[in-house]
Each structure stands twice: as C-alpha cells, then as structure tokens.
Amino acid sequence: MVCSRPRTGLMAIRVLAVGAKMPRWVDTGVDEYQKRLPRDFKVSWHSIPPAKRQGDAPQRLMAAEADAIRRQIKPREHLVVLDVGGTLVSTEAIAAQIARWQLNGESAAIVIGGPDGIDPELGQSATAQWSLGRITLPHPLVRVILAEQLYRAWSINAQHPYHRA
C-alpha cells in the first residue's frame with residue numbers, strides 16, 4: 001500500500017542511535033537528507049551514549065544500552081529496531097509502513113544499536129525488527145543509509161520523482 005501524500009498531520013519519527021560523536025561525513029550525510037524533507041514529515045535524531053566498555057560481557061552492555069533506550073521511548077510510539085537478523089525490508093515496505101503510521105496519526109522510534117547490537121529483550125518488545133540487509137554495517141554508515149531510506153520512503157508516498165524503481 002503506497003499512498004499519495006497522507007494528510008492526517010505531522011509524521012514524527014525519532015531515530016535513537018547508540019553512539020558518541022559521529023564523524024563529520026555522517027552528520028553531513030544525515031543533514032543532506034534531513035533538509036530535503038518537508039516540515040510535515042519530521043525526523044529527529046537522538047544519540048544514546050554507549051555503555052562504558054570496561055571488560056563487561058556484551059550482554060550486560062546491550063542491556064545497559066537498552067535501559068537507556070527505553071527511557072527515551074514515548075508512550076504509544078511504535079518501536080522499530082534495526083538488526084541484521086530482523087525482517088528484511090524493502091524501501092517500498094518502509095514507505096508503506098510510514099504511510100500507515102501517518103494515516104493513523106501515529107509516531108515511531110527507530111533504534112540503531114551499539115557496537116554489540118540490540119539487546120534481545122528490547123528487540124522482542126519492539127513493534128518490528130527491520131534488517132537493512134544481511135551484511136554487518138558500521139553504525140555511522142547505518143545513520144546515513146537510514147536517513148536516505150526515510151527520505152526515499154517519503155518520496156514514494158509523495159510521488160516525488162526522487163524514487164525511480
């Protein structure tokens with residue numbers, strides 16, 4: 001289902017990304033796609049500090065990061081986690097999901113995990129687990145790819161010529 005410009009109000013997507021200060025190329029890439037989005041399609045980016053890596057087991061680190069992420073989740077917000085083991089999604093599927101949220105006046109938080117990945121309990125509590133592919137990508141690059149995919153999904157729903165299948 002791809003809609004032509006859903007109009008029920010502001011679409012709000014928050015990206016919650018575990019990670020410290022990003023390299024300039026990441027901020028430049030994300031900003032490029034952000035500035036292309038219309039005002040009624042708001043994507044905000046929030047950094048979650050990574051757990052301090054002091055020899056703790058990865059499970060403990062992911063759990064600590066999951067706690068920090070949970071504190072950022074708003075009531076009634078759909079939680080989507082990006083995970084290499086999640087459901088493979090196409091750009092069109094992302095666009096269709098965003099269109100449904102927009103038509104229903106819903107918002108979403110999309111989580112990019114830390115260096116060790118997503119805490120399994122957080123993943124199980126999510127509305128969806130999306131995979132951008134079966135390859136492991138560096139987290140800074142995932143930010144840029146996600147920014148582009150959100151812009152492309154908007155362009156599909158808006159019937160903007162950016163997306164040419």
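Me: Buried means under 20% relative accessible area, and exposed means over 50%. Is Arg152 buried or exposed?

Reply: This is a predicted model, so the figure is a computed one. Arg152 has a relative accessibility of 19%. The cut-off is 20%, so a value under it qualifies. Arg152 therefore counts as buried.

Me: Which side chain meets that of Arg152 in a salt bridge?

Reply: Look within helix 5, where Arg152 and its partner both lie. The two are four residues apart, about one turn of the helix. Their N to O distance is 2.8 Å. The partner is Glu148.

Me: What is the relative accessibility of Glu148?

Reply: Glu148 counts as buried. That label requires a value under 20%. For Glu148 the value is 12%.

Me: How many salt bridges does the structure hold?

Reply: The Arg152 and Glu148 pair is a salt bridge. Glu32, Lys35 and Arg36 are linked in a network of salt bridges. For the structure, the count is eight.

Me: Which residue forms a salt bridge with Glu65?

Reply: The closest N and O atoms of this pair are 3.0 Å apart. The pair links distant parts of the chain, with Glu65 in helix 2 (residues 58–72) and its partner twelve residues apart from it, in the loop between strand 2 (41–48) and helix 2. That partner is Arg53.

Me: Is Glu65 buried or exposed?

Reply: Its salt-bridge partner, Arg53, is partly exposed at 37%. Glu65 has a relative accessibility of 3%. Since anything under 20% qualifies, Glu65 counts as buried.

Me: Which side chain meets that of Arg70 in a salt bridge?

Reply: The N to O distance here is 3.8 Å. This pair too links distant parts of the chain, 49 residues apart. Arg70 is in helix 2, and the partner is in the loop between strand 4 (107–112) and helix 4 (120–125). The partner is Asp119.

Me: What is the relative accessible area of Asp119?

Reply: Arg70 counts as partly exposed, at 35%. Asp119 is buried, so its value must fall under 20%. The relative accessible area of Asp119 is 11%.

Me: What is the volume of the second largest cavity?

Reply: The structure holds three cavities of 30 Å³ or more. The lining of the second largest includes Glu65 and Asp119, along with Val18 and Leu122. The volume of this cavity is about 40 Å³.

Me: Where does the largest share of the lining of the second largest cavity come from?

Reply: The lining divides into six nonpolar, three polar and two charged residues. Glu65 is one of the lining residues, and Glu65 lies in helix 2. The largest share is four residues, and they come from helix 2.

Me: How many residues line the largest pocket?

Reply: This pocket has a volume of about 350 Å³. Leu82, Asp83, Val84, Leu137 and His139 lie nearest its centre. By class, the lining has ten nonpolar, seven polar and two charged residues. The number of lining residues is 19.

Me: Which strand gives the most to the lining of the largest pocket?

Reply: Strand 3 (77–88), strand 5 (128–131) and helix 5 (139–157) each supply at least two residues. The top contribution is three residues. It comes from strand 3.

Me: Which side chain is joined to that of Ser131 by a polar contact of 3.4 Å?

Reply: Ser131 sits in strand 5 and is buried, with a relative accessible area of 0%. Its side chain also reaches the backbone oxygen of Gly133 at 2.8 Å. Among its contacts beyond four places in sequence are Asp83 and Val84. The side chain at 3.4 Å is that of Arg134.

Me: Which side chain does a polar contact of 2.8 Å join to that of Arg14?

Reply: Arg14 lies in strand 1 (residues 11–18). Arg14 is buried, at 8% relative accessible area. Residues it touches include Ser44, His46 and Ala108. The polar contact joins Arg14 to Glu77.

Me: How far apart in space are Ala99 and Ala158, C-alpha to C-alpha?

Reply: Ala99 lies in helix 3 (residues 91–103) and is buried, at 0%. In sequence, Ala99 and Ala158 are 59 residues apart. In space, their C-alpha atoms are apart by 9.8 Å.

Methods:
Residues numbered from 1 in each chain as written. Predicted model: local features only at pLDDT ≥ 70, side-chain atom pairs only at ≥ 80, totals over all residues. Heavy atoms only, no water. Buried < 20%, exposed > 50% of the residue type's maximum accessible area, 1.4 Å probe, protein only. Polar contact = N/O pair within 3.5 Å; in protein donor to acceptor, adjacent residues only side chain to side chain. Contact = heavy atoms within 4.5 Å. 1 Å grid on protein atoms, 1.4 Å probe; cavity = no way out; pocket = protein on both sides within 12 Å on 5 of 7 lines; lining within 4 Å. Points joined across faces, edges and corners; volume = space filled by probe spheres on them. Nonpolar A, V, L, I, M, F, W, Y, C, P; charged D, E, K, R; others polar. Salt bridge = Lys/Arg side-chain N within 4 Å of Asp/Glu carboxyl O.
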